[in-house]
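User: I am new to this structure and would like to learn how to read its features one at a time. Could you take me through them, giving the general idea before each case?

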Amino acid sequence: MSEDGYLPLHKQQHSEPLYVVPKDLCTRCGACDPICPVDCISFDKHKYPVIDTKTCVDCGLCVKVCPGIDFDYTAQYQKMFGVEQPPEGLGGIYKSAFLTFANNPQVQAEGSGGGLVSQLLIGMVKEGIIDAALTVGYEPEDPITPTPVICHTEAEIRATAGSKYCVVPHAKVIRDVKKLEGKFAFVGVGCQIEGLRKLEKVYKPLVRREIFTIGLACHGTLEKEGTTELLSHRRLPQEKIKRFFYRGGNFPGKFQIETLDGQRLDLHRFDYKDGAYNYLYHLYTPQRCLMCPDYSAEFADISVSDFWVRGEDGEYLHPEGTSMVMCRTERGQKILQQMRESGYITAMPLGQQEVEASFDHLYRDKRVSPFVRIQWRETQGLSVPQYHLPISPPTKEDLRHEGLRQATFIFSKRKWTRQLMLVIFFSRFGEVFTAVKMRYKAFKASRRLRKQASKKK
Ligand SMILES: Cc1cc2nc3c(=O)[nH]c(=O)nc-3n(C[C@H](O)[C@H](O)[C@H](O)COP(=O)(O)OP(=O)(O)OC[C@H]3O[C@@H](n4cnc5c(N)ncnc54)[C@H](O)[C@@H]3O)c2cc1C
Ligand code: SF4
Ligand code: SF4
Ligand code: SF4
């Protein structure tokens, strides 16, 4: 085995496919594909990268750029921001933050949040800042399989608007970018941006290309079965589907389909967050996401997320379609400012407290639990990702929380248990349960906020 963990298994006889790294470490970001000098990596039906052992020349580069096995937070923080450690909280380092939305109401409506990402990309193409945007759309012949797309026009960018809560090895698009002239902006969740950063380290010409990075906050993605099993539960054959929406309709959106005859159907009564996604997360989130601490895409030029902050009445503020933006680099800040001044977007400044309020509820999930899981796997002799961050031993409270959390994932392991849970979640009973849960959450938030307010007085 080489120093960085690459095991040239193809030299041995084996019958299994040879994956770039063990599957339970792979985030399926796609970064290993563009670095391969002989183009011998393809993606299986679950989007894991598989090596063609007949053509592989055993250079180890694919493993070298892999953020799934190793991503050095300390070195990357030092390089991008001149500090050794990420700050407390999930926001990472940013120069300024804004609550934003696209000024074109159609773009705002098409986006998952405020259409900010699509509108920024459109503005950047129109102003000549970039030649094309690297986004995620759907396969032309398969409306439920997300795939990387290179967009040169406003229409192309708008056609790929909206979050695809599904595994997609988006960074593989860099293989095509290498062959093209011009400037690009790349949209991606944390692990995809991390893959790009590692690619830049190994393949220097990429640094000169100055790809602008727009990060998307990410609690966890979903396996494609999350989509296919939901459709089969609703008895909707894939052949009848023209388009799939993870957040269709009014903000914050619902899982929806558009049928070939132009009908829009909701797949769940409640919005994506309090309804479908929250449930599907427990059934279809890849194990690798549960070990990932990069919630806010900490190494992008700008990071974009929803603004899940509640008011004193317990309801979400700004329900009309907004996106929160954090500008991390000079370049990110400059471009956001330029787009604002040119009238593409509206951006209202947010303070650090407001940013943190939007992320607080996921702190344990993304900054504590991943390391509790990593330490537990180590005790079991299982492979773990390396982040080069100091890890504190878990407290009793961490372990208790993790035990409860793991219990919510037990139905994810088998198809029949997942399907059983889908029947329960999406039944009449499940709907009443969701409605009560939503009211309870709003009540709890309202009580907490009112207590905080009265303490301040
Ligand atoms: C898997 C995933 C998980 C997310 N989890 C959270 C979360 O927990 N909390 C939170 O606040 N926000 C989360 N987001 C971000 C949020 O859903 C919105 O994407 C974000 O707020 C931007 O909204 P917008 O309207 O400005 O973007 P839009 O104008 O809708 O543009 C979205 C852009 O993202 C691209 N895109 C869509 N899916 C993917 C993908 N899988 N990989 C790479 N690019 C993609 C689209 O092609 C488009 O260019 C997540 C996004 C994804 C893709
Ligand atoms: S070891 Fe080199 S040749 Fe083989 S798959 Fe990886 S990058 Fe390609
Ligand atoms: S680079 Fe990305 S897709 Fe390739 S093996 Fe690593 S995590 Fe998986
Ligand atoms: S949770 Fe982390 S590993 Fe999973 S998709 Fe999001 S950024 Fe990638």
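User: Which residues of helix 8 are buried?

Analyst: A residue is called buried when its relative accessible area is under 20%, exposed when it is over 50%, and partly exposed in between, using a 1.4 Å probe and protein chains only. Helices are DSSP runs of H or I with at least four residues, strands are E runs with at least two, and both are numbered from the N terminus. In helix 8, the buried residues are Gly190, Cys191, Gln192, Ile193, Glu194, Gly195, Leu196, Arg197, Lys198, Leu199 and Glu200. Since 11 of its 13 residues are buried, helix 8 is largely enclosed by the rest of the structure.

User: What should I keep in mind about the model and its numbering?

Analyst: This is a predicted model, in which local features need pLDDT of at least 70 and side-chain atom pairs count only at pLDDT 80 or more, while totals for chains, interfaces and linings use all residues. Residues are numbered from 1 along each chain as its sequence is written, chains are lettered from A and ligands numbered from 1 in the order in which they are written, and side-chain values use heavy atoms, with hydrogens and water left out.

User: How does the length of helix 8 agree with what is expected?

Analyst: The expected span of a helix is 1.5 Å times one less than its number of residues. For helix 8, residues 190–202, that gives 18 Å, and the end C-alpha atoms are 19 Å apart, which agrees.

User: Where do the buried residues of helix 12 lie around its axis?

Analyst: Here one looks at an arc, which is that of the directions from the helix axis to the C-beta atoms. In helix 12, Gly332, Ile335, Leu336 and Met339 are buried. They cover an arc of only 100 degrees around the axis, so they lie on the same side of helix 12. The face turned away from that buried side carries the exposed residues Glu330, Lys334 and Glu341. Helix 12 itself, residues 330–341, reaches 16 Å from its first C-alpha to its last, close to the 16 Å expected, and just after it Gly343 takes a positive phi of about 85 degrees.

User: What do the buried residues of helix 12 pack against?

Analyst: Contact means heavy atoms within 4.5 Å. The buried residues of helix 12 pack against several elements, among them strand 4 (96–102), helix 5 (116–126) and strand 14 (345–350). Ala102 is placed in strand 4 and is buried, with a relative accessible area of 1%. Leaving aside residues up to four places away in sequence, Ala102 touches Val107, Gln108, Gly114, Gly115, Gln119 and Tyr344. The C-alpha atoms of Ala102 and Gln119 are separated by 5.6 Å, although these residues are 17 apart along the chain.

User: Which residues are around ligand 4?

Analyst: A residue is near a molecule if one of its heavy atoms lies within 4 Å of it. Around ligand 4 these are Thr27, Gly190, Cys191, Cys218, His219, Gly220, Thr221, Cys289, Cys292 and Lys366. To sort such a shell, Ala, Val, Leu, Ile, Met, Phe, Trp, Tyr, Cys and Pro count as nonpolar, Asp, Glu, Lys and Arg as charged, and the others, Gly among them, as polar. The shell of ligand 4 then divides into four nonpolar, five polar and one charged. Ligand 3 is surrounded by 13 residues, the closest being Cys26, Cys29, Gly30, Cys32 and Cys66, and its shell holds nine nonpolar, three polar and one charged.

User: Which backbone angles call for attention in the loops?

Analyst: Two residues other than glycine can be read by their phi values. Lys47, in the loop between strand 2 (41–43) and strand 3 (49–51), has a positive phi of about 75 degrees and counts as buried at 19% relative accessibility. His388, in the loop between helix 14 (363–379) and helix 15 (396–407), has a positive phi near 55 degrees and is partly exposed at 40%. For the peptide bond one reads omega, and a cis bond with omega of about 0 degrees joins Phe251 and Pro252.

User: How many helices and strands does the protein chain have?

Analyst: The protein chain has 17 helices and 14 strands, and buried residues make up 54% of its 457 residues.
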